[in-house]
Amino acid sequence: VWSTVCDTNWQDIDSYVVCRSLGYDADKSPITLVDSYFSDGLYPIGINNVACNGWEKSLLDCNKETYLQFECARSDLAGVRCYEDCADGSVRLVGGDSDSEGTVEVCNDNLWGLVTEAGWDDNDAKVVCRMIGFSSDNAISQYGSFYGKPNKTVHYTNVHCTGAEDSME
């Protein structure tokens, strides 16, 4: 059964163990998040007072309190943002039916994030298409989270490209 983790005593070393267990680069420091940063969670709260040492292969190998041994509010869930191996300024499309369509994500500080639709138009779509190696001739912008809205930080808002740029930066 899936469960969430309470953020009581949630530390960077705990985040490190989580990211490493998911296959992220062990040399990059994850971002430790508390106070239900991502949401109040969908699953029961099953773990609290996690105390990893850093050598563990999984969060389950760490010292911890388990369900029914603690109290925790839904607003006190632990979170982690693991660094991804991307180059700042890179773009990608996710959630589409092919690699030529999808929600636009841009890399900033080694993390993929979103671009809001505020000010977004076909000229911005042309730049993105060129950046990922496609022709910009038939680029069409989509609105309203057409391809889904990943739970990620917004990196860019009010992008206003002319359509001739090499990048959105």
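I started with D7, which is buried yet has no salt bridge. I looked for its nearest side chain of opposite charge and found R74, 12 Å away. A salt bridge needs the two groups within 4 Å, so R74 does not qualify at 12 Å. I note that I am working from a predicted model.

Next I checked where D7 sits in the chain. D7 lies in a loop, with strand 1 (4-5) before it and helix 1 (12-21) after it.

What does the side chain of D7 reach at 2.7 Å? I found the backbone nitrogen of D35 there.

I then listed the contacts of D7, leaving out residues up to four places away in sequence. D7 touches V34 and D35, and also D76, L77 and A78.

I turned to the whole chain and counted two helices and nine strands. Read along the sequence, their order is β-α-β-β-β-β-β-β-β-α-β. The chain is more spread out than a compact globule, because its radius of gyration is 19 Å, well over the 15 Å that the globule rule gives for 169 residues. I also looked up the box filled by the C-alpha atoms, which is roughly 60 × 30 × 25 Å along the principal axes.

How much of the chain is buried? Buried residues make up 35% of the 169 residues, and D7 is buried as well. The chain exposes about 9,900 Å², of which carbon and sulfur atoms supply 47%.

Last, I took the contacts between residues at least 6 apart in sequence; 68% of these join residues at least 24 apart.

Notes: Residues are numbered from 1 along each chain as its sequence is written. This is a predicted model: local features need pLDDT of at least 70, side-chain atom pairs count only at pLDDT 80 or more; totals for chains, interfaces and linings use all residues. Side-chain values use heavy atoms; hydrogens and water are left out. Helices (H or I, at least four residues) and strands (E, at least two) are DSSP runs, numbered from the N terminus. Buried means under 20% relative accessible area, exposed over 50%, partly exposed in between (1.4 Å probe, protein chains only). Lys and Arg count as positive and Asp and Glu as negative; His and the chain ends are not counted. A polar contact is a pair of N or O atoms within 3.5 Å; within protein, one must be able to donate a hydrogen and the other to accept it, and residues adjacent in sequence count only if both atoms are side-chain atoms. Contact means heavy atoms within 4.5 Å. The radius of gyration is taken over C-alpha atoms; the globule rule is 2.2 Å times the number of residues to the power 0.38. Accessible areas come from the Shrake-Rupley method with a 1.4 Å probe; for residues, only the protein chains shown count as cover.
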